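Q: Could you take me through one part of this protein in close detail, and show how that part fits with the rest of the chain? I work at the bench, so a friendly walk through the residues would suit me well.

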Amino acid sequence: MHKQIWICIEKAEGNYGAYAPAVPGCVTTGETVEATRINMAEALAFHFAGMAADGEPRDPIAADFPIDDALRSKREGLEDYFSVVQVPLPVGVGI
């Protein structure tokens with residue numbers, strides 16, 4: 001089963017960084033927006049696989065657009081990009 005997860009990609013000094021508001025603690029970087037999006041999909045899949053292997057319980061993953069983050073970024077003039085990635089979910093990870 002796959003899940004679509006919203007991610008936020010931010011411009012840094014020499015690259016881009018990404019995080020998923022619905023999955024605290026899972027972050028990545030990349031040289032371009034597209035590379036960062038791909039890296040984040042891989043990081044999320046790895047993160048969820050590790051949680052399932054450890055038997056770590058997981059609340060359902062939110063699929064809502066992080067509107068508060070988007071509005072804050074717009075207001076503060078940050079160069080945020082929002083995207084969605086498809087991530088395979090292992091058995092035991094909430095939907």
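A: What follows is a close look at helix H1 and its surroundings.

Please keep in mind that this is a predicted model. The protein chain has an average pLDDT of 77, and 66% of its residues score at least 70. Confidence is highest in S3, at 95, and lowest in S4, at a mean of 69. Where pLDDT is low, the predicted coordinates should not be read in detail.

Let us place the helix first. The protein chain contains 2 helices and 4 strands, and along the sequence they follow the pattern β-β-β-α-α-β. Helix H1 covers residues 33-53. Its 21 residues should span 30 Å at 1.5 Å a residue, and the end C-alpha atoms are indeed 30 Å apart, so the expected and modelled values agree. Just after H1 comes Gly55, with a positive phi of about 70 degrees.

Now for the inward-facing story. Within H1, the buried residues are Thr36, Met40, Ala41, Ala43, Leu44, Phe48 and Met51. For the protein chain as a whole, buried residues make up 32% of the 95 residues.

Thr36 is a good place to start. This residue of helix H1 has a relative accessible area of 0%, so it counts as buried. Setting aside neighbours within four places in sequence, Thr36 is in contact with Ile9, Tyr16, Gly17, Ala18, Thr28, Thr29, Gly30 and Glu31.

One of those partners, Thr28, belongs to strand S3 (residues 27-30). Thr28 has 19% relative accessibility and the limit for buried is under 20%, so Thr28 counts as buried. With neighbours within four places in sequence again left out, Thr28 is in contact with Thr36, Asn39, Met40 and Ala43, and also with Tyr16, Gly17 and Ala18. Tyr16 is therefore a partner that Thr28 and Thr36 both have. The ring of Tyr16 has company of another kind: the charged end of Lys11 sits over it, 4.8 Å from its centre.

Further along the helix we reach Phe48, which is also part of H1. Phe48 is buried, because its relative accessible area is 0%. Val23 lies 25 residues from Phe48 along the chain, yet their C-alpha atoms are separated by 9.5 Å. As for aromatic pairs, a search of the whole structure finds 0.

Phe48 brings us to the nonpolar core. In soluble globular proteins, nonpolar side chains tend to be buried together. The largest nonpolar core here has 16 residues, and Ile7, Ala20, Met40, Leu44 and Phe48 have the most contacts inside it. Two or more residues each come from strand S1 (2-11), strand S2 (16-19), H1 and strand S4 (80-88). H1 gives the largest share, 6 residues.

Ala20 shows how the helix meets other parts of the chain in this core. Beyond its neighbours within four places in sequence, Ala20 is in contact with Met40 and Leu44, as well as Ile5, Trp6, Ile7 and Cys26. Looking across the whole protein chain, residues 24 or more positions apart account for 58% of the contacts with a separation of 6 or more.

To pull this together, H1 offers Thr36 as a buried partner for Thr28, and it supplies the largest share of the largest nonpolar core.

Terms used. Residues are numbered from 1 along each chain as its sequence is written. This is a predicted model: local features need pLDDT of at least 70, side-chain atom pairs count only at pLDDT 80 or more; totals for chains, interfaces and linings use all residues. Side-chain values use heavy atoms; hydrogens and water are left out. The expected span of a helix is 1.5 Å times one less than its number of residues. Buried means under 20% relative accessible area, exposed over 50%, partly exposed in between (1.4 Å probe, protein chains only). Contact means heavy atoms within 4.5 Å. A nonpolar core is a set of buried Ala, Val, Leu, Ile, Met, Phe, Trp, Tyr and Cys residues joined through side-chain atoms within 4.5 Å. pLDDT is the predictor's confidence in each residue, from 0 to 100. Rings of Phe, Tyr and Trp (its six-membered ring) pair if their centres lie within 6.5 Å; planes under 30 degrees apart count as stacked, over 60 as edge-to-face and the rest as tilted. A charge sits over a ring if NZ of Lys or CZ of Arg is within 6 Å of the ring centre and within 35 degrees of the ring normal.
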